[in-house]
Amino acid sequence: ATLDDVKAKGQLSCIVTTGLVGFAFTDENGRWNGFDVDFCRATAAAVLGDAEKVNFVPTTGKTRFTALNAGEGDILYRNTTITMSRDADLKLTFLGVNYYDGQGFMVNKNLGVTSAKELNGASVCIQTGTTTELNLADFFRVNNMNYEPVPIETNEEARTNYLAGRCDVYTTDASGLAATRATFDDPKNHVILPEIISKEPLGPAVRQGDDAWGDITRWVLYALLAAEEYGVTQANVDELAAKATGNPDIDRMLGTEGDFGAMVGLSKDWAKNAIKAVGNYGEIFDRNIGPDTAIGLERGLNALWTEGGLMYAPPIR
Amino acid sequence: MSEQAIETTEMQISDEVAIEITGMHKWYGDFHVLKNINLQVRRGERIVICGPSGSGKSTMIRCINRLEEHQQGSIQVGGIELSNDLKNIDAIRREVGMVFQHFNLFPHLTVLENCTLAPIWVRKMPKREAEEAAMKYLERVKIPDQAKKYPGQLSGGQQQRVAIARSLCMNPEIMLFDEPTSALDPEMISEVLDVMIDLAKSGMTMLCVTHEMGFARKVANRVIFMDGGEIIEENEPEQFFTNPKSDRTKLFLSQILHH
Amino acid sequence: MSEQAIETTEMQISDEVAIEITGMHKWYGDFHVLKNINLQVRRGERIVICGPSGSGKSTMIRCINRLEEHQQGSIQVGGIELSNDLKNIDAIRREVGMVFQHFNLFPHLTVLENCTLAPIWVRKMPKREAEEAAMKYLERVKIPDQAKKYPGQLSGGQQQRVAIARSLCMNPEIMLFDEPTSALDPEMISEVLDVMIDLAKSGMTMLCVTHEMGFARKVANRVIFMDGGEIIEENEPEQFFTNPKSDRTKLFLSQILHH
Amino acid sequence: MAAADIVDSRSALSRAWNNKEARSVILQILTVALLFGFFFYIIRNAVINLETIGKGYSFTFLSAPASYDINQTLIDYNSRDTHFRAAIVGILNTLLVAVSGIILATIVGFVLGVLRLSKNWLMSRIVYCYIELVRNVPVLLHILLIHGIVVNTLPVPRQSPSFFSESVFLSNRGLYVPSPLPEPLFWATMIAFFGGIVGTVLYKRRARKLQEETGRILPVFRVGLGLIIGLPFVVFLVTGMPMNWSYPELKGFNFVGGVAMKPEFLALWLALSLYTSAFIAEIVRAGILAVSYGQTEAAHALGLRTNRTLQLVIIPQALRVIVPPLTSQYLNLTKNSSLAIAIGYMDIVATIGGISLNQTGREMESMTIVLLIYLSFSLVISLFMNWYNKRIKLVER
Amino acid sequence: MSNLQDTQTYAPGQHPDMPPPLATRGIIGWMRKNLFSSIGNTILTLVAIAILWRIVPPILDYFVFDAVINASNREECVAKGTGACWAVISERFQVSLYAFYPEAERWRLKLTFLLLFVALGPVLFDRFPLRKQMIWFSLAYPFIAIWLVVGGFLGLPLVETKMFGGVMLTLIIGITGITFSLPLGILLALGRISNLPAMQIVSVAFIEFIRGVPLITLLFVASTMLNYFLPPGTEFDLLLRVLIMVTLFASAYIAEVVRGGLQAIPKGQYEAADAMGLKYWQAMRLIILPQALKISIPGIVNTFIGLYKDTTLVLIIGLFDVLGIMRSALADPKWNGLSTEVYIYTALFFFVSCFAMSRYSLYLEKKLHTGHKR
Ligand SMILES: Nc1ncnc2c1ncn2[C@@H]1O[C@H](COP(=O)(O)OP(=O)(O)OP(=O)(O)O)[C@@H](O)[C@H]1O
Ligand SMILES: Nc1ncnc2c1ncn2[C@@H]1O[C@H](COP(=O)(O)OP(=O)(O)OP(=O)(O)O)[C@@H](O)[C@H]1O
Ligand SMILES: [Mg+2]
Ligand SMILES: [Mg+2]
């Protein structure tokens, strides 16, 4: 089973993107950072007790599923859209949603375009092997428009091509657009068009067939969400976990009441380790892609359900 | 003539059989190269084989140390039957030395290394010993001073003498020569023949394909004439040259002696 | 000796000048290869050029048909001055045939095609006619039966004879030979020399670099000895061999005749 | 006699091992068995692994809609067509860049090779430097470099310079040239063109016959050029230029009309052909040098001028040396075209081996197809080469 | 031409050497011969000068004279000069060499690199001092190198292969491929010319398959699909897989080169070895291979150059070789759009190493022409 493998190796292999600012990228010291990366670390912390025991496997849009299925990695945290065919035909098990996204378009202000319906005849940069490619094809076909697809392997190249004017439009998930725009010299000169042409629930995935492993990884994600809901943060988790707080939700999660970790084959303090390592969902969001970062994404759909968003963790009980 | 007589008496021919070929046939594809070859060579005999080009002379002597495979009949060398058995082939090749028309020295090794290679790797001699033996044979072929040179630095005659020394280093009982002088410039032929004559005097069993009739007269105690893959005539040298039995031999001799 | 006398009378030498070289110098870079060469050849003359290796023999005859350029002095062939003028070069090359040491046959063409190539493309002969002429010359060099073969299938002697026939096909007035036999096996030398003797008898003007002294004696009416880029001696063959004027010639002759 | 005793006392196995034929049979059976064992092992693993994740091995996905678009297609294609058709589009794109690369590489390579041999010191040095610079740098870098230059330094469409009075545009969207739209009467020109080709062949035959009969040499090359290019041109003018041109025109975001060479194609094409041309230049040089100088001298001595010497003596011989390595360069170029994936040119590796593979998750099947296609390319090329080698082999003793 | 020397006559054999006429001598003579010998030649010279004039000064200006070496981002570069922005290279230089290799352990790489020359010396040059003894070190070098670079035993801490990258990775792939493909290639070549049909078929099939498909498809198979072919749960380092694939790939090409060498050995050498009673492997090792390899060396070096250049392809499967690591600089917002500089730097790196190799092969070719005379 994957859990045993991971424990035996003492390392979690986490498949991430080769580089998307805010989500997964290496800084100048070669250390991985980003939203998805933090989830990988949290998972490692929960499973192995050490957030640094992660082996990052960078993949392109095209190689990620092959890599997962062929056992290159134990879990895929790579802004991957959940679709039925991927779930069924590609033999993946999706664990939930860690970011609700939708495909958008970014253009240079100079072009004077205000709606995606005005893009007839444009050259569009897309990352190949992604759902965006399929959505794009459908969108233009349905609206009876022509376009020149400029297929590109990585986000960096897409960015380079877009800035050089090889394409008029860059399309990918709105979060990705914002992240990319944040790296421009002149972010103000680029607009993200209002149309969101698809639903892109992004979530982690594991290989189909190992339900125990699926459970573990799924509940790590939920624990991080729940932590935000209950106000457990990186700063106060130690204190809260020291002894039962009296709030049974928090106590069950942090292992001071019952032993929910054991149900999935983890230690008692699994959730505490995860939160301790990277903070709760909100902290992860704010640190990597939130309004105060260069990416500057609003919570929007990704706010907790209590605050009008879609983020909703099932109860740990 | 008198000279030849002297030589012959000097050399001893024992009764022991060195090579026995009986009813041997060989084909290249569909082409019947050797037809019913029967030949018995006793120890100490010196046999010269001649015949027109393409008559199968080379093929025959190459069969004797299994550079070619025969398909029918039998060949026995020193009592060992030539078959597909690798042990036998090894044993026979250790008995039989061969000198080629084009010397086939190993160009990347010095003369001395050429000579010691087989003793060291096949006979498993210590290097020192092999080198001493090699020097002895190089002296015998009168080029001990070239031992450190590479074959490419020697003249044709010298190279062929090295080739002979190299064969001798394995202490063979029988030596095969395939036109050893025909790739040499005329001046060099005699130096090689001298070495071969010397060898013959020492009592070595020799089979020699050659057209050097002077040599045949001097050392051979039998001359074999082949044509069309068959042994046409087997004779004493004197008889062979002066009074050949077959017409084909006569024709052949008239051509080659005329030249 | 008597044979040679007969030959000489048989051949006619006209008064017309075929080649006139005056004060010719040539350098390779800074190396002065040919020094003040003066030579007059009349129609029908057969001149043998000899001298030690590197003395400039080849260079000199190659200057005559402009395979090399001379830098000073003048060369006239059949009254035409050799200069950079392509017309003149063409005219001279049509007059002068050349046979090389290494034959330089075209390996991708048959013997017949080798012979007809230049007549067809330079003389603009109809193919049929060119082939007929070629066959005539091939007969003259005694290999008409090889016409359909490729050069690679012929022996060296045959190849050189084809090379001669190929030159003859252009009907040259003058033939240059640069050591035509030195790349051949001894057996083949005489077949080529025979063809050249035959050619000489027919009255062809010939310049021949060779060390075949027998040939020189038989056909040459002048022998030129070169050394160090100069013509050291020019003499009748008989005189040249028996009573050379210069010491250097004597030395050279002693070396080569001794051999 | 001792040997005979030894023979008998040996065991059957060692006897077999010492028999030359038996030994070779044993060795071969061992090899084959090992090999089969190995294949059996990995195939079994693959089957088990595929089963655990619940996949099979089937090519049915090929008939499902591909759902993605391709920016350069030689045949009609849209996102509703099948993966199979997408694969065909990819194969054609591979062939397109390979064939055009081969043509350009050959031309440039021959010119460079000849210049490299030129007596002109300066030129041969320049070409030498060029060749060394080009062939010592990986082809992938060439592709990226050229693509980078095209995309980053050429202007965007709005500022793109035009040539030939606004009919050719060069921008980072590619090179746009007018595309011909023949009118009905254009068939006359086409007929003239093919007529010209036939005429040239006939003329060449006649010239040959004439030369054989009378020795006269007709100017085949010039007349042929006139017939193939001049004649159609005249017919074209006479019939009143029955040809419309679709000129590229900036409309909205992009140029519309004309035909475009996309930057991806342009970069791949140029990079592959320049890279390969450096190797071809060396092959050509070696081929010409392999014809000994004596051949030239002999031809000159026979009175043949330089161009005839080249035509009749040097080139026919040099080609024998040149063609075999040349074909393997062609094969290399074709294989290197798979690097298209690095810049997003949609060749076979990018379509069926890339997007289709990724969208359907059919790695095994897709890679099988890709490998088979490349293998058949090389099979065809080596068959050709064997045929050619046999045809031109010099006859020797 | 009323030269004084012309009119003077010398006794035969006494003519002194004279310098050639002025027009064919010295610089003028050289130019006339090499640049202006005919009309066509003159035109070619002019064209060449025009090309140089048009190309060299702008290139020099852009890459040298107007280039900016010190800047902290691209905007500063643009402000400072109109030429190339080498600042990106100077900033990324260390990373381009070592990539993610931990800084504290980099001395190990430097040592390995130094030792490489000590190990190569006796292999490449036959007049190397103490050659016989040093060869042993060369043989041991691969193992020493693995120990130094990867570590994890004998006192060195382990550095995982995913930390490898940059020049170091390029060298590792190149050198490993070269080292291991040679013996494998020789075996394949022997298989291909052997008279055992099964060996022949296997070798031919392997060689032709590998030569028939592009390296990147093989790398793709190795990087993403290999796990399908291994027993479930096997761990197999990605770098190791790439190394194996590259080695297999190169060995097929080496095999063809070596086969050429083997076929160039006269049949007589095989026969002489047989007649002397040498066994197959003895004959190969002592007689045939030494000669065949010597002939094939230029071809082998060329294959190595090709292999070395092909190491760049690993970037397509997500390993960061020099090219890959430098390309990641392009993703840095600070250096956006400097692809030319980055690629030129990488190209230069490859040019220097490949050119050195091809020079070495020329040197060998020259040496081989002198035959076995030492
Ligand atoms: N490997 C081979 N395959 C097919 N035929 C061969 C082979 N070797 C030799 N032959 C043919 O067998 C015949 C006998 O050849 P062999 O070399 O024994 O003749 P030979 O008497 O030694 O002639 P030579 O005096 O020319 O050396 C010739 O017709 C030759 O063409
Ligand atoms: N292309 C060349 N460049 C420089 N030097 C040359 C060239 N060709 C010949 N030489 C030199 O010119 C001299 C005369 O050469 P040439 O070939 O004419 O001599 P040769 O008398 O024909 O000698 P051999 O009998 O060896 O053929 C020699 O010293 C030779 O080294
Ligand atoms: Mg023979
Ligand atoms: Mg000469």
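User: How many residue pairs are in polar contact between chain E and chain D?

Analyst: There are 14 such pairs, both residues in each being at pLDDT 80 or more. They earn the name because a pair of N or O atoms lies within 3.5 Å, with one atom able to donate a hydrogen and the other to accept it; residues adjacent in sequence count only if both atoms are side-chain atoms. Please keep in mind that this is a predicted model, where local features need pLDDT of at least 70 and side-chain atom pairs need 80 or more, while totals for chains, interfaces and linings use all residues. Residues are numbered from 1 along each chain as written, chains are lettered from A and ligands numbered from 1 in written order, and side-chain values use heavy atoms without hydrogens or water.

User: What makes chains D and E stand out among the pairs of chains in contact?

Analyst: Of the eight pairs of chains in contact, D and E share the most contacts. A contact means heavy atoms within 4.5 Å, and 54 residues of chain E meet 54 residues of chain D in this way. Together these two chains bury about 4600 Å², with carbon and sulfur atoms giving 74%. That figure is the accessible area (1.4 Å probe) lost when the two parts are put together, summed over both. On chain E's side, Y228(E), F229(E) and K309(E) supply 15% of the area buried against chain D, more than any other three residues.

User: How many salt bridges does the count give between chain E and chain D?

Analyst: Zero. A pair would qualify if a side-chain nitrogen of Lys or Arg came within 4 Å of a carboxyl oxygen of Asp or Glu.

User: How do chain B and chain D meet, and which residues supply the most area on chain B?

Analyst: Eight residues of chain B and nine of chain D take part. The buried area is about 800 Å², 49% of it on carbon and sulfur atoms. N84(B), L86(B) and K87(B) supply 58% of what chain B buries against chain D, more than any other three residues. Here there are zero salt bridges, and zero residue pairs in polar contact with both at pLDDT 80 or more. By class, chain B's touching side has two nonpolar, three polar and three charged residues.

User: What separates chain A from chain B and from chain C?

Analyst: Chain A and chain B do not touch, as their nearest C-alpha atoms are 50 Å apart. No contact joins chain A and chain C either, with closest C-alpha atoms 52 Å apart.

User: What is called the largest nonpolar core, and which residues have the most contacts inside it?

Analyst: It is a set of 226 residues, with I49(B), L207(B), I49(C), L207(C), F164(E) and L219(E) having the most contacts. Such a set counts as a core because its Ala, Val, Leu, Ile, Met, Phe, Trp, Tyr and Cys residues are joined through side-chain atoms within 4.5 Å and are buried, meaning under 20% relative accessible area (1.4 Å probe, protein chains only). At least three residues come from each of domain 1 (28-80) and domain 2 (88-101 + 159-368) of chain E. Another core, of 62 residues, lies apart from it and includes V6(A) and L297(A).

User: How far apart are the centres of those two domains of chain E, and how many residues touch?

Analyst: Their C-alpha centres lie 36 Å apart, and seven residues of domain 1 of chain E are in contact with eight of domain 2 of chain E. The bounds come from an automatic or database domain assignment. Between these domains of chain E, two residue pairs are in polar contact, both at pLDDT 80 or more.

Terms used: Buried < 20%, exposed > 50% of the residue type's maximum accessible area, 1.4 Å probe, protein only. Nonpolar A, V, L, I, M, F, W, Y, C, P; charged D, E, K, R; others polar.
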